[in-house]
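User: I am new to reading protein structures, and I would like a close look at a single part of this one. Could you choose one helix and walk me slowly through its surroundings?

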Amino acid sequence: MTGQLFSSAATSPRLLSASRRSSLSSEAQRDFEVDAHTHLQLFFDDGGPEVYFRDVRKFGKVLLLERGESHPRLTRLGIDALEATGEALFAATRGRKASIKALLLDQALISGVGNIYADEALFRAGVRPARRAGRVTRRECARIAAAIREVLERSIETGGSSIRDYVAPDGSDGGYQDERRVYARTGEPCLRCGSPIRRTTVAQRGTHFCPTCQK
Ligand SMILES: [Zn+2]
């Protein structure tokens with residue numbers, strides 16, 4: 001989502017509200033001051049930088065758990081996206097009428113795939129996001145699982161996607177937005193075939209795909 005987790009040593013104009021951002025000169029845009037959207041501040045005994053959690057849209061949750069303690073919100077999470085196999089995805093999608101994208105976003109099935117990465121993985125796998133999940137073949141499920149790993153690993157390497165508000169913990173921008181092939185590229189040519197990328201709504205989320213490369 002659009003929450004921000006970062007240290008007090010971080011500086012980035014993305015940490016400022018849009019109004020402050022536009023009213024300040026570019027040099028003055030760098031100092032973050034704790035504001036009404038900063039819902040958590042962690043202070044450390046060693047005097048190290050504080051950690052802030054800021055979340056304008058209030059979708060985030062913070063749980064304080066004892067070591068070894070569990071919580072229903074965590075136990076109902078599905079398999080980690082980096083460990084999901086094509087076979088597991090194939091089994092989980094049999095008989096399901098929901099779209100393949102809706103199931104990829106279902107954190108109880110696979111945890112860790114957000115909207116950008118679902119679109120990017122489905123593009124790489126050549127599968128349309130709106131396709132009924134039960135109609136995705138075993139081979140396509142293998143391609144989707146591999147593509148999820150690829151896009152997530154590459155996003156981790158490049159530091160995440162700074163499309164709107166995201167910042168890395170040190171306040172720097174991620175680099176993955178430069179590698180997007182479909183997400184938020186509506187009308188731009190597909191990098192593989194040149195067809196204009198289309199935007200639609202699937203699972204109540206803005207969804208981007210190539211009408212030629214994805215079946
Ligand atoms: Zn294409």
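Analyst: What follows is a close look at helix α6 and at the parts of the chain around it.

The model is a predicted one, and a short view of the whole helps to place the helix. The protein has six helices and seven strands, and from the N terminus on its elements run β-α-β-β-α-β-α-α-β-α-α-β-β. Of the 215 residues in the protein, 40% are buried. Among the contacts with a separation of 6 or more, 58% join residues that are 24 or more positions apart.

Helix α6 covers residues 138-158, which makes 21 residues. What span should one expect for such a helix? At 1.5 Å a residue the expected span is 30 Å, and because the C-alpha atoms at the two ends of α6 are 30 Å apart, the model agrees with that expectation. Just after α6 comes glycine 159, which takes a positive phi of about 90°.

Which residues of α6 are buried? They are Glu140, Cys141, Ile144, Ala145, Ala147, Ile148, Val151, Leu152, Ser155 and Thr158. The cover over these buried residues includes α3 (86-93), α4 (100-105) and α5 (115-125), and two of these partners, α5 and α3, can be followed in detail.

To describe two packed helices, one gives the angle between their axes and the distance between the axes. For α5 and α6 the angle is about 130° and the axes are 8 Å apart, which means that α5 is oblique to α6. The crossing of these helices, α5 and α6, is right-handed. On the α5 side the contact is made by Tyr117, Glu120, Ala121, Leu122, Arg124 and Ala125, while α6 contributes Arg143, Ile144, Ala147, Ile148, Glu150, Val151, Leu152 and Ser155. Sorted by class, the contact of α5 with α6 holds nine nonpolar, one polar and four charged residues.

One residue from this contact deserves a separate look, namely glutamate 150, which lies in helix α6. Is glutamate 150 buried or exposed? Its relative accessible area is 48%, so glutamate 150 counts as partly exposed, since that class runs from the 20% limit for buried up to the 50% limit for exposed. Glutamate 150 and alanine 121 are 29 residues apart along the chain, and their C-alpha atoms are separated by 8.0 Å.

The other partner to follow is α3, which packs with α6 at an angle of about 125°, with the axes 8 Å apart. These two helices, α3 and α6, are therefore oblique to each other, and their crossing is right-handed. From α3, the residues Gly86, Glu87, Leu89, Phe90 and Thr93 meet Arg138, Cys141, Ala142, Ile144 and Ala145 of α6. By class, this contact of α3 with α6 has six nonpolar, two polar and two charged residues.

It is worth turning back to α5, to see what else lies around that helix. Helix α5 is mostly covered, with 11 of its 11 residues buried, among them Asn115, Asp119, Glu120 and Arg124. The buried residues of α5 pack against α4, α6 and β7 (205-209). Just after α5, glycine 126 takes a positive phi of about 75°.

Strand β7 contains glycine 206, and with a relative accessible area of 16% glycine 206 is buried, because the buried class takes in values under 20%. Which residues does glycine 206 touch, once its neighbours within four places in sequence are left aside? Its contacts are with Lys101, Asn115, Asp119, Arg199 and Thr200. Glycine 206 and asparagine 115 are 91 residues apart along the chain, yet their C-alpha atoms are separated by 8.0 Å.

Finally, the loop that follows α6 also holds a detail of the backbone. Alanine 184 lies in the loop between α6 and β6 (198-202), and although alanine 184 is not a glycine, its phi is positive, at about 55°. With a relative accessible area of 38%, alanine 184 is partly exposed.

Definitions and conventions:
Residues numbered from 1 in each chain as written. Predicted model: local features only at pLDDT ≥ 70, side-chain atom pairs only at ≥ 80, totals over all residues. Heavy atoms only, no water. Helix = DSSP H or I, 4+ residues; strand = E, 2+ residues; numbered from the N terminus. Expected span 1.5 Å × (residues − 1). Buried < 20%, exposed > 50% of the residue type's maximum accessible area, 1.4 Å probe, protein only. Contact = heavy atoms within 4.5 Å. Axes fitted to C-alpha atoms, helices over the stretch in contact; angles between N-to-C directions. Parallel < 35°, antiparallel > 145°, perpendicular 65-115°, else oblique. Left-handed = near helix turned anticlockwise from the far one by under 90°. Nonpolar A, V, L, I, M, F, W, Y, C, P; charged D, E, K, R; others polar.
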